[in-house]
Number of protein chains: 2
Amino acid sequence: MLHVAEAARVSVATVSAYINGTTTVSQELSGRIEQAIREIGYKRNAIARSLKLGTTRTIGLTVPHITNPFFTDVVSVIQQAFDRAGYAVMLCCTDEDLNNQDEQIRLLLDRMVDGLIIARVGDGAYLKETVERANVPVVLVDREVDGVDSDRVVLDNHQAVFEAITYLLELGHRRIGYITGAFNITPMRDRMTGYHEALLNAGVAFDQSLVRSGDLHEADGYTAAMQLLSLHDRPTAIFSANNPMVVGAMKAIRDLGLSCPEDVSVICFDDFPWADVFNPQLTTIAQPVQAIGEQTASLLLDRLNGNREAPSRRLVLKGRLMVRNSCRPVQALTSVPTVVAASST
Amino acid sequence: MLHVAEAARVSVATVSAYINGTTTVSQELSGRIEQAIREIGYKRNAIARSLKLGTTRTIGLTVPHITNPFFTDVVSVIQQAFDRAGYAVMLCCTDEDLNNQDEQIRLLLDRMVDGLIIARVGDGAYLKETVERANVPVVLVDREVDGVDSDRVVLDNHQAVFEAITYLLELGHRRIGYITGAFNITPMRDRMTGYHEALLNAGVAFDQSLVRSGDLHEADGYTAAMQLLSLHDRPTAIFSANNPMVVGAMKAIRDLGLSCPEDVSVICFDDFPWADVFNPQLTTIAQPVQAIGEQTASLLLDRLNGNREAPSRRLVLKGRLMVRNSCRPVQALTSVPTVVAASST
DNA sequence: TTGTATGCGTTATCAC
DNA sequence: GTGATAACGCATACAA
């Protein structure tokens, strides 16, 4: 900018005023400045500007895994929204690791992001403190943090799973395997209560041996399904609490020489684009990813636009059961053989 | 930092020296500083630091679509690599729009990113200029830019498609529908030449009516497949140049009451995690996404670590044909009826 | 070992 | 309408 000012034979203050339209500057000087800018190829330094203004027009976004289609979609929508609003977004993936998360949030805060969107990981103790001390607005998405009362948008996980399990029960299933992630994140807890209530509602006893917990990855789903399907009295249906794990579960079904839906019905959380073009066409619980992303962005944008003091808002969206053909009435099942050995990949 | 200095009754210079380990500072003062930092909850302001140092330890990453599994994976790997190296990454999605891309790159450069990774979009004219004027290292991934000789990592697209089409030809297919994106990006051009050469090599005449071009989205694949399969002498196999378009193509096949591989063989570019658990299990060309991401990151990191003058490097990786069960010998096909009308979604 | 002074590129406040 | 100048928070050269 100094160079521009010199080339245009004006002061830096005038250049700044011209660029930002702060004050009206004469035709004369405007022309000289404009020309100097072009000749020099001057670009305003956003870092210096940020330092002075105290705002970076950048937000931080941290999610567990970007390869999980649910987060891919949410990130995509959020990214677009902030792009439109003239904000840049710094993306971090915690890989379900608590230490990564702490580190990344610190990094983001150091860089003076104007706001934070967090799909958290692990237990909430440290995060609670971080969120409360951060002097920037933060909105939580998908996963809440105990005791933290910030803006957030979540799904009605309980209801969604209740519906899904009820659907399975109506098809006559009584032994429904349940593959979940650890209960230290709210969605997993809430989904589990949906399972419980659906069983209770149908008068079906809860069987702890039908519940397997993993770390949300494909491999965990594989292991869990292997164990479930190797049970003496194996389940006739399996529910998976997320997409990566259901892929693992399907592989387990395949490797055991079983098939879906002939031998076992499958239903899972999170929809994906090709769910209805490949077979079995999975019955899923679709989250309104577009709305989730947009609402999340809009909550943060609202704070960024100055609405700092409004009481925190909690948006709860509804999931939708996408019935396809991966579930069958239990009487239609191929007779249920006991799986003897499960030696495979 | 000023507050810390005051609380510890030292100068800001000493605090800075202590934090960065620039000079050794006495036990005495170290203790006071340490305590002051904790009490105040001081965090170093990376923006001010960046302004002074001229480096942000942030890189910019721009891709067409994060929801395309190929880019999802590449972004994920790159993100991890820079995370490990202590860099933040700003993510932009151009949505295959040239204006977005220009704007976003400008935005990134204004923010003084230390480097740029670009999977470009549209024609290369403006981008060429941008890349050449940017005084930060840039590495191109997946798509090259005509006349720009920067670091880049690409796939041997020609070879990969040559193999895939040859595979189809060996199965007896002679009419192979080809769904592509516009030829203003290098991969689409190179893939097309692979198609050409494979046909030539097998002595099969090239038929322009079997080639349909779209904008890389699912809807384009749908339209293209609809047209191809409505041809009087319809193709017995279809190749799709990316993943979103093959999803559309599969939907078209379904909507026409056809099925794969019984009526039409399908093969596509880019692999995805559940390719081998759902049916038909798609035969795909798998890009080494892990390697692509790592090499890309490592090229940029190398520049960032000071190796600025080395001649530009062009890394070419190989694709791998993942043969599954979406392709059949042509004599095994169900008799080929002429599709009369194609009125659907 | 520690402190003083200066500058990184902006914007804002004030004189003129 | 225009131009000095201070300040944003930090790092560094140099003095002490």
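**Entry 1: a helix pair in chain A**

Partly exposed means a relative accessible area between the buried limit, under 20%, and the exposed limit, over 50%. I needed that cut-off for A:Lys128, which has 30% relative accessibility and therefore counts as partly exposed. I should also note that this is a predicted model.

Next I looked at the partner of A:Lys128. Its side chain meets that of A:Glu132 in a salt bridge, 2.9 Å from N to O. Both sit in helix α7 (residues 125–133) of chain A, and because they are four residues apart, about one helical turn separates them.

**Entry 2: a helix pair in chain B**

I then turned to helix α7 (residues 125–133) of chain B, where B:Glu129 and B:Arg133 are four residues apart, so about one helical turn lies between them. These two form a salt bridge, with their closest N and O atoms 3.6 Å apart. Is B:Arg133 buried or exposed? With a relative accessible area of 56%, B:Arg133 is exposed. B:Glu129, at 41%, counts as partly exposed.

I also looked up salt bridges over all chains, and the structure holds 44. One network links A:Glu144, A:Asp149, A:Arg152 and A:Arg314.

**Entry 3: where the two chains meet**

How many residues of chain A are in contact with chain B? I found 50 residues of chain A in contact with 50 residues of chain B. The area buried between the chains is about 4,300 Å², and carbon and sulfur atoms give 65% of it. Three residues, A:Ile47, A:Trp274 and A:Phe278, supply 17% of the area that chain A buries against chain B, more than any other three residues.

Two salt bridges are counted between chain A and chain B. One joins A:Arg254 to B:Asp276, with 3.7 Å between the closest N and O atoms. Another joins B:Arg254 and A:Asp276, also at 3.7 Å from N to O. This pair runs from helix α11 (residues 243–255) of chain B to the loop between β9 (265–269) and β10 (283–286) of chain A. B:Arg254 is partly exposed at 34%, and A:Asp276 is partly exposed at 23%.

I found 19 residue pairs in polar contact across this interface. On the side of chain A that touches chain B, α5(A) gives the most, with seven residues. That side divides into 24 nonpolar, 13 polar and 13 charged residues.

**Entry 4: DNA strand D**

Which residues are closest to DNA strand D? Of the 23 residues that surround the strand, the closest are A:Thr14, A:Ser26, B:Met1, B:Tyr42 and B:Arg49. Sugar or phosphate accounts for 75% of the strand's atoms within 4 Å of the protein, and bases for the rest.

I checked some polar atoms too. A backbone N or O atom of B:Asn45 is 2.9 Å from a phosphate oxygen of the strand, while the side chain of B:Asn20 places an N or O atom 3.4 Å from a phosphate oxygen. For a base, I noted B:Ala48, with a polar backbone atom 3.4 Å from a base nitrogen. α4(B) gives the most to the surface near the strand, with four residues.

**Entry 5: a histidine in chain B**

Last, I looked up B:His173, which is in the loop between α8 (157–170) and β6 (176–181) of chain B. Its relative accessibility is 0%, so B:His173 counts as buried. Its side chain has a polar contact of 2.6 Å with that of B:Thr236 and one of 3.3 Å with that of B:Ser265. Among its other contacts beyond four places in sequence are B:Leu168, B:Val330 and B:Leu333.

How values were computed. Residues are numbered from 1 along each chain as its sequence is written. Chains are lettered from A and ligands numbered from 1 in the order in which they are written. This is a predicted model: local features need pLDDT of at least 70, side-chain atom pairs count only at pLDDT 80 or more; totals for chains, interfaces and linings use all residues. Side-chain values use heavy atoms; hydrogens and water are left out. A residue is near a molecule or strand if one of its heavy atoms lies within 4 Å of it. A polar contact is a pair of N or O atoms within 3.5 Å; within protein, one must be able to donate a hydrogen and the other to accept it, and residues adjacent in sequence count only if both atoms are side-chain atoms. Helices (H or I, at least four residues) and strands (E, at least two) are DSSP runs, numbered from the N terminus. Contact means heavy atoms within 4.5 Å. Buried area is the accessible area (1.4 Å probe) that two parts lose on being put together, summed over both. A salt bridge is a side-chain nitrogen of Lys or Arg within 4 Å of a carboxyl oxygen of Asp or Glu. Ala, Val, Leu, Ile, Met, Phe, Trp, Tyr, Cys and Pro count as nonpolar, Asp, Glu, Lys and Arg as charged, and the others, Gly among them, as polar. Buried means under 20% relative accessible area, exposed over 50%, partly exposed in between (1.4 Å probe, protein chains only).
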